[in-house]
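This report describes the model shown below, going from single residues to the chain as a whole.

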Amino acid sequence: MFEYQVNFVKYKLRDYEKELAIKEFENQFPSVINKTITKEGIKFTTSKLMDELKLKKLTFYSEFHYRNAQFGKSNILTDQSVVESYKTYEPSLFQDLKPNKSREIRYLTHSLHEYKGRFYPQLAKSFMNYAGIKKGDTVLDPFCGSGTTLVESFLFGANAVGVDINPIAYLMAKAKVQSLLLRQNDLKHIRKAFENLNKKTGWEKIVIDNYNRIVDANYLKNWFPENTLKKIIFIQEIIKLFNNETYKLFSKVILSNLLREYSYQDPSQLRIRRRRDTPPENLIEVFKNNLNEQTENLEKFQLLDRFKLTSNIQNYLGDIRTLIKSTNLKANSIDLLITSPPYATALPYVDTDRLSLFVFGFADKSTFRELEESLIGNREITKSKREKLDKELERNFESSVLPIEIVQLLKKIYLLNKDASVGFRRKNTAALLYKYFLDMHYGISQISKVLKKNKFAFFVVGKNKTTAGSEKFDIPTDDFIGYIAEKNNFKFVEKISMTVQKSYLIHSKNSINAESILVLRRK
Ligand SMILES: C[S@@+](CC[C@H](N)C(=O)[O-])C[C@H]1O[C@@H](n2cnc3c(N)ncnc32)[C@H](O)[C@@H]1O
């Protein structure tokens, strides 16, 4: 007989994480029936050795022990403990690795670039165990943002497809995945290319106007101190010399991640607003330090030699509303969906990284607005577009492709704001929400075609609030997305309520009060 003890992580799990932890275990090991759940973890006895690879893949667990007369005692760390803690160890001490006492969410390439997302890596990974996916299965994240799901799928050994409409997110996601494959030689090579960066004074010789053709220099001059802009161009000139795509991606995202901080944009605001203080000037030094730190961490990761990383990860710059056209995905080809859709009145994803979009030539003054408007949940809408949507909403009060619960709430909001003397933002509310739910309907109907029958879909969704007339309304976006999904061949499994993390609330004032994990299954 084997006596097993599978321990939870050493930091405090939130209630919903505990729930997920138990589901992970139960769904991955349905044959374990007589288990005891204690404060430390799960205890059970079996007659045969458990699948060690599967145990190692559990998320909210730090290690497992087993005891047996023949095999003696064994103590094995989960992959999650290893990725969360290896950074602070010298490679010669890797055999002494201990699980972290606090939660780490920026391990490995997750730390390459900040992005306002809805979930953290552990969450995406726990969904993979909850769904019981196997090697060779494919995960889809059609709002993949900076690629959290893709990185986790890669580490898990699952194939993945990621789509996002924001070019800078696409760049980040690609960089975060591909950089995991950089070998020690590659990393040394990258470091060497920038070695003398702060000794050379090459940046002083840059004539900004010579780069007008490549970037909108006039626009950028308005947003960066002149010397900083010269440094940015100088670093980019070095990046251009690489003839390896991953080296370029890796260095570009490290540069991109610094741009807001070194510009006249107020780094504490998600919208592009001018800051009051002066930006720091040491861009080159900090770029180099960050690059060194990232390359050293990845070198250590290579020395761990624990992850095989052979699965196939595909990135697309595309639109969920035309998912099948954007990706060429076949019907019934996806085994699991993990995603966090944009908020109903979204975070300004492209505005937050506007300077990166301009610096890397993904947008200019003539295309930026169009890009912003293409994002689901964006708040910018012209009066004529709003009026058109209002009319369509009015026509659809009685029958719409949207579930009745949504139309009824939109009708109330619309009628209350219609004749009230309220500002244009309020006047826009019903039309914007209508557009948001319609877009989600189009997106979900595409997902429904590519997801295999019976397979799981996880949506991490926030609720919203709004005021119409003088009444306050809760918009249960999570339930509404569930109803839309039910109209598109999904069945409801459960809704797990999450407490909102403080870090997500900083910029959103009172607009989001709770988030949920919506678990669905394709019929
Ligand atoms: C909540 S974020 C996802 C963040 C992601 N989970 C991560 O880890 O970075 C929502 C994403 O939806 C993207 N998005 C908005 N409209 C879209 C559309 N029509 N098609 C695809 N992606 C879209 C935004 O660019 C944003 O990256």
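Which residues does Gln5 touch, not counting residues up to four places away in sequence? The model is a predicted one, and in it Gln5 touches Gly41, Lys43, Phe64 and His65. Gln5 is found in strand S1, which covers residues 2-8. With 17 other C-beta atoms within 10 Å, Gln5 is partly exposed, because a buried residue needs 20 or more and an exposed one has 12 or fewer. Gln5 and Phe287 lie 282 residues apart in sequence, and their C-alpha atoms are 44 Å apart in space.

**Domains**

The domain assignment of the protein chain gives domain 1 as residues 2-96 and domain 2 as residues 181-304. The centres of domain 1 and domain 2, taken over C-alpha atoms, are separated by 41 Å. Contact between them involves five residues of domain 1 and five residues of domain 2. On the domain 1 side, the residues that touch domain 2 are four nonpolar and one charged, with no polar residue.

**Leu77 and Thr228**

Leu77 is found in strand S5, residues 72-77. This residue is partly exposed, as 18 other C-beta atoms lie within 10 Å. Leaving aside residues up to four places away in sequence, Leu77 touches Ser62, Glu63, Val82, Leu97 and Pro99. Pro99 is 22 residues from Leu77 along the chain, and the two C-alpha atoms are separated by 7.5 Å.

Thr228 is placed in helix H9, residues 226-241. Is Thr228 buried or exposed? Thr228 is buried, because 23 other C-beta atoms lie within 10 Å and the cut-off is 20 or more. Its contacts, not counting residues up to four places away in sequence, are Tyr262, Glu281 and Leu283. Thr228 and Ile214 are 14 residues apart in sequence, with 17 Å between their C-alpha atoms.

**The largest nonpolar core**

The largest nonpolar core has 139 residues, and Leu410, Leu433 and Phe437 touch the most other members. Helix H18, residues 424-450, gives the most to this core, with twelve residues. Why does the core lie between domain 1 and domain 2? Both domain 1 (2-96) and domain 2 (181-304) give residues to the core, so it lies between them. Leu433 touches Ala344, Leu410, Ile413 and Ile475, again not counting residues up to four places away in sequence.

**The ligand shell**

How many residues surround the ligand? There are 22 residues around the ligand, and the closest are Gly117, Phe143, Gly145, Thr148 and Asn166. By class, the shell around the ligand divides into twelve nonpolar, six polar and four charged residues.

**Backbone with positive phi**

Most residues other than glycine have a negative phi. The table lists residues with a positive value.

| Residue | Phi | Place |
|---|---|---|
| Leu309 | about 50 degrees | loop between helix H11 (283-304) and strand S8 (313-317) |
| Asn454 | about 75 degrees | strand S10 (residues 451-462) |
| Asn489 | about 75 degrees | just after H19 |

Leu309 is exposed, with 11 other C-beta atoms within 10 Å. Asn454 is also exposed, with 10 other C-beta atoms within 10 Å. Helix H19, which Asn489 follows, spans residues 477-487. The buried residues of helix H19 are Thr477, Asp478, Phe480, Ile481, Gly482, Ile484 and Ala485. In general, an α-helix has 3.6 residues a turn, so residues three or four places apart point the same way.

**The chain as a whole**

The protein chain has 20 helices and 14 strands. Its radius of gyration is 25 Å, close to the 24 Å that the globule rule gives for 523 residues, so the chain is as compact as a globular protein of that length. Taken along the principal axes, the C-alpha atoms fill a box of roughly 80 × 65 × 40 Å. Of the 523 residues in the protein chain, 45% are buried. Among contacts with a separation of 6 or more, 73% join residues 24 or more positions apart.

Conventions
Residues numbered from 1 in each chain as written. Predicted model: local features only at pLDDT ≥ 70, side-chain atom pairs only at ≥ 80, totals over all residues. Domains from an automatic or database assignment. Contact = placed C-beta atoms within 7 Å. Nonpolar A, V, L, I, M, F, W, Y, C, P; charged D, E, K, R; others polar. Core = buried A, V, L, I, M, F, W, Y, C linked by C-beta atoms within 7 Å. Helix = DSSP H or I, 4+ residues; strand = E, 2+ residues; numbered from the N terminus. Near = placed C-beta within 6 Å. Rg over C-alpha atoms; globule rule 2.2 N^0.38 Å.
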